[in-house]
Amino acid sequence: MNEPNAAVDQDALLRRVMQKQAALSIRIACIFIVLLIALPLINLYASDLAATNVAGFTLTWLILGVLFYPLTWILSGYFVKQSDAIEKDLLSEAKAETPQGPNADEGAKE
């Protein structure tokens, strides 16, 4: 008798997880796009800064060839960590909201 409610609760939980993870994905994608667009803009509007030598590279090539990958890894790692946290938080909320076990209703009546 409780199985249809459990399926509805699981569907609702899944939707909440997917909505929160989609919002996180959009935030991370926006950060990535801003970083991606910033480099050509720096080259266009601050060409002297972009041409500055740093460790034998111009600043543009240092960012593009060396720093871009660690930035991508950092964003990816942040996404995975936050995504896992979303799942854990929503799962713990769902467990707190629902009674545990088949005799949970009987214990509440006493």
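Colleague: In this model, does Gln-21 count as buried, partly exposed or exposed, and at what relative accessibility?

Modeller: The model is a predicted one. Gln-21 is found in helix 1. A residue is classed as buried under 20% relative accessible area. Gln-21 has a relative accessibility of 17%, so Gln-21 counts as buried.

Colleague: With which residues is Gln-21 in contact, leaving aside its neighbours within four places in sequence?

Modeller: Sequence neighbours within four places are set aside for Gln-21. The remaining partners of Gln-21 are Phe-79, Ser-83, Ile-86 and Glu-87.

Colleague: In what order do the elements of the chain run from the N terminus on?

Modeller: The chain holds 4 helices and 2 strands. Read from the N terminus, their order is α-α-β-β-α-α.

Colleague: What percentage of the contacts in the chain with a separation of 6 or more comes from residues 24 or more positions apart?

Modeller: The chain has 110 residues, and 13% of them count as buried. Among contacts with a separation of 6 or more, the share that joins residues 24 or more positions apart is 70%.

Colleague: Which side chains meet in a salt bridge, and how far apart are N and O?

Modeller: The count of salt bridges comes to 1. The N to O distance must be within 4 Å for a salt bridge. The side chains of Glu-93 and Arg-16 satisfy this, with N to O at 2.8 Å.

Colleague: Which helices hold Glu-93 and Arg-16, and how many residues apart are they?

Modeller: Arg-16 lies in helix 1 (residues 3–45), and Glu-93 lies in helix 3 (residues 59–97). The pair therefore links distant parts of the chain, while Glu-93 is partly exposed at a relative accessible area of 36% and Arg-16 is partly exposed at 31%. The separation of Glu-93 and Arg-16 in the chain is 77 residues.

Colleague: Why is the pair of Phe-32 and Phe-68 classed as it is: stacked, edge-to-face or tilted?

Modeller: A search of the whole structure finds 2 aromatic pairs. For Phe-32 and Phe-68, the ring centres are 5.7 Å apart and the planes stand at 55 degrees. Planes under 30 degrees apart count as stacked and those over 60 as edge-to-face, with the rest tilted. The angle of 55 degrees falls in the remaining range, so the pair is tilted.

Colleague: Which parts of the chain does the pair of Phe-32 and Phe-68 tie together?

Modeller: Phe-32 is partly exposed at 28% relative accessible area, and Phe-68 counts as partly exposed at 22%. The two residues are 36 residues apart in sequence. The parts they tie together are helix 1, with Phe-32, and helix 3, with Phe-68.

Colleague: Which residues form the aromatic cluster?

Modeller: Phe-68 also pairs with Tyr-69, edge-to-face, at 6.1 Å centre to centre and 80 degrees between the planes. Tyr-69 counts as partly exposed at 49% relative accessibility. The one aromatic cluster is formed by Phe-32, Phe-68 and Tyr-69.

Colleague: Which element gives the largest share of the nonpolar patch on the surface?

Modeller: The patch has about 810 Å² of accessible area together, and its members include Ile-31, Trp-61 and Leu-71. Leu-71 is found in helix 3 and counts as partly exposed at 37% relative accessibility. Helix 1 and helix 3 each supply at least two residues of the patch. The largest share, 6 residues, comes from helix 3.

Colleague: What percentage of the accessible surface of the chain belongs to carbon and sulfur atoms?

Modeller: The accessible surface of the chain comes to about 8700 Å². The part of this surface that belongs to carbon and sulfur atoms is 65%.

Note on methods. Residues are numbered from 1 along each chain as its sequence is written. Side-chain values use heavy atoms; hydrogens and water are left out. Buried means under 20% relative accessible area, exposed over 50%, partly exposed in between (1.4 Å probe, protein chains only). Contact means heavy atoms within 4.5 Å. Accessible areas come from the Shrake-Rupley method with a 1.4 Å probe; for residues, only the protein chains shown count as cover. Rings of Phe, Tyr and Trp (its six-membered ring) pair if their centres lie within 6.5 Å; planes under 30 degrees apart count as stacked, over 60 as edge-to-face and the rest as tilted. Patches are made of residues with over 30% relative accessible area and no salt bridge: like charges are joined within 9 Å, nonpolar side chains (Val, Leu, Ile, Met, Phe, Trp, Tyr) within 5 Å.
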